[in-house]
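Student: Let us go through the aromatic contacts in this one. Please show me the sequence and the structure.

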Amino acid sequence: MRKDEAMTDPDRDQQAAPPRLRSVVHAMIWATVPVLLLVQLLASAGVEASSFWSQLRQLDARMARVAESRAELIAEPLWKMRYDQVTGVLNEIMHDETIAAAAVYDDTGAAIARVVARPEGQPVAEISRPIHYSNGNMAVQAGRIAIAYSRTTLYADAGSRLVLLLVVGLLATFATLIAMRISANVFIGRPLAAMMSAIQRSKQDGRAYPADVTSSNEFGQLARAFNAMQHTTSGALDRLGHMATHDPLTGLPNRRALTERLAVASRDGGSPDTLVAFCFIDLDDFKGINDTFGHEAGDAFLVQISQRLRRAVEAEDWVARLGGDEFVVIRPEVSDEQAAHAFAQQVLDAISEPIRLHDKQVVPRASIGLAVRRADDPELSHLPTLADIALYHAKSKAPGTVAVLDEALQRDYRRRRDLELAIPAGFAERQFEVWYQSQVDLESHEVVGLEALIRWRHPDHGVIGPGEFLPLIERSGNNARLTRYVLTDACWALQRLAAAGRPRIRIAINLPPSELADHSLAAELHATCARFGVAASMLELEITEGSLINNIASASETLHRLRRLGATIALDDFGTGYSSLAHLRRFPLDKVKIDKAFISEIPDSAEDKAIVGVIASLAGTLGLTLIAEGIERAEQAEAMREMGVRFGQGFLYQRPQPLEAVLQWLDGQPAAASRVITDSPSITPEFAA
């Protein structure tokens, strides 16, 4: 018989069911009987052991009494050297079968008399008592008596009783096993077999079959409840089927229903002249709705969105919710891609009408990825993935719009997927390279630091900038690995700089937000610095405003740990976030880096100059050092100096390069004097704290 036939044969299923049910009985019996036997044997052994030790104590006490009584009788003959009388007394006690030998010693320890009643080599216990003689005013110790006695009889009796208990226990357990086997089959096995048979038959044709159990015990009650449940099976199955394929909140079809529908459409095919429009919808900032109004309001928000989607489409269109804030709208027939785009825009406009939540008007925002394919396309089931590619582009490049999948987006997606899959090999083969860009003193033009910048030298795609692959690193969970990678390279670079006569140049490393929640970072930084023999004070750790504000508690603790090691803390890209210098006073900051967006239009932009001037004034008040990013022209550097900015960084001085090129470039630059280091913010108060 073939395997698939055996799996669907109801008679075979019913024949196979009883052994599985009997195995339940067997498991119950073999789980119970050994415990019963063990408890019985332990109890019997405990009673026997207690009796055995009681007999031992009685024997020891009797021998002590014998020794003491014979010591009194022997005292006078021993003192008067009547040794034949001493021997006679010893012979009198040898009728006791437990006594193996007896001996009397005088006051010098010499043996006076010795009687042996048992062969030597037999294990014995010995008891000894002193012999005292008194005559008027004289009382002396005349010697001692020793009696050796055997416990063999007690051991033999105890062993025979234990064997008897074991035999009786095994027989009782065997009888219990037979009784349990019969009762378990009658009261458990048969009712379970009857219910399993009814279930198997019901599985074959979907009809309800009652279990024939007439007992009045708990299994009889279970069978009656089972039979009552069978009457409602058909309706329950329908409801369960609906729940399995529909979203419980909105009532829309869910991801499973979408997959089944696309699989059927892909298998059946359609007219080659018909186009299918697939809209993948993602609500923008839905998390903000939940955080502001609560999750109940968020659920009501999703219900209203689903109702709008239903009203915005025709009867033949299909709407589904995939979960969270993701929806799908499918129009099975469109004339061309332009009509599909107009349909998607119509859906987006319907979503964007204001919604009232808690007496406040909220304007929903969404992004749509649109994929259009012919109805006879065999890969129609891949439409969610294709539309998701377009949605990714819409959310990253132009949120709140419709992005149509085209060949360029697919190429970007394939490249992104290739890079994401190549990340492990990139680490293993050291394809990631750390380049360095100089930071200079705007007054003396001396190089005071280098910023470590990561690059990926991919074997197929060449050198890739961080803007492209860092989001992939973050999504793959390799942020910590990349940070340790850069930290190790930076410590090695500090070694090279010291060997090249540049021991005062610091190296700045960018920390991703996730690292501020890692309390082991400080310990790893300390260990890495120790391994390369460099001081942690030669490292500058750059963080962003958002990473501070979103992780205030953990960020503050991690930064204080790093600061205690001597590392400098710099706030990167200041001005592009949503914090203020006053708000950031709680953090142990040393430097603030002004974002290049405020530098690029200086000195022509009076507004940017005013912003930089305010930042410089506040930084001076808080004792923070300023460094300007993105300086590309000499007039920008001059404007920064005039506004009190101490350090600068940008293409005007040096572009990012590998370390070897940087070392060659530094050979032609003036070495930083010691005053550059001493003018930097002191970390002594941090140690004192």
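Tutor: At 35% relative accessibility, tryptophan 79 is partly exposed, because buried means under 20% relative accessible area, exposed over 50%, and partly exposed in between (1.4 Å probe, protein chains only). The model is predicted: local features need pLDDT of at least 70, side-chain atom pairs count only at pLDDT 80 or more, and totals for chains, interfaces and linings use all residues. Residues are numbered from 1 along each chain as its sequence is written, and side-chain values use heavy atoms, with hydrogens and water left out.

Student: Is tyrosine 133 buried or exposed?

Tutor: Its relative accessibility is 8%. Tyrosine 133 therefore counts as buried.

Student: Phenylalanine 432 and tyrosine 485 form what kind of aromatic pair?

Tutor: Rings of Phe, Tyr and Trp (its six-membered ring) pair if their centres lie within 6.5 Å; planes under 30 degrees apart are stacked, over 60 edge-to-face, the rest tilted. For phenylalanine 432 and tyrosine 485, the centres are 6.2 Å apart and the planes meet at 80°. The pair is edge-to-face.

Student: Is phenylalanine 432 buried or exposed?

Tutor: Phenylalanine 432 has 3% relative accessibility. That makes phenylalanine 432 buried.

Student: Which residues do ring pairs link into a cluster?

Tutor: Phenylalanine 432 and tyrosine 485 both belong to the cluster. The full set linked by ring pairs is Phe427, Phe432, Trp456, Phe469 and Tyr485.

Student: Which residue lies over the face of tyrosine 392?

Tutor: A charge sits over a ring if NZ of Lys or CZ of Arg is within 6 Å of the ring centre and within 35 degrees of the ring normal. Here the distance from the ring centre is 3.8 Å. The residue is arginine 416.
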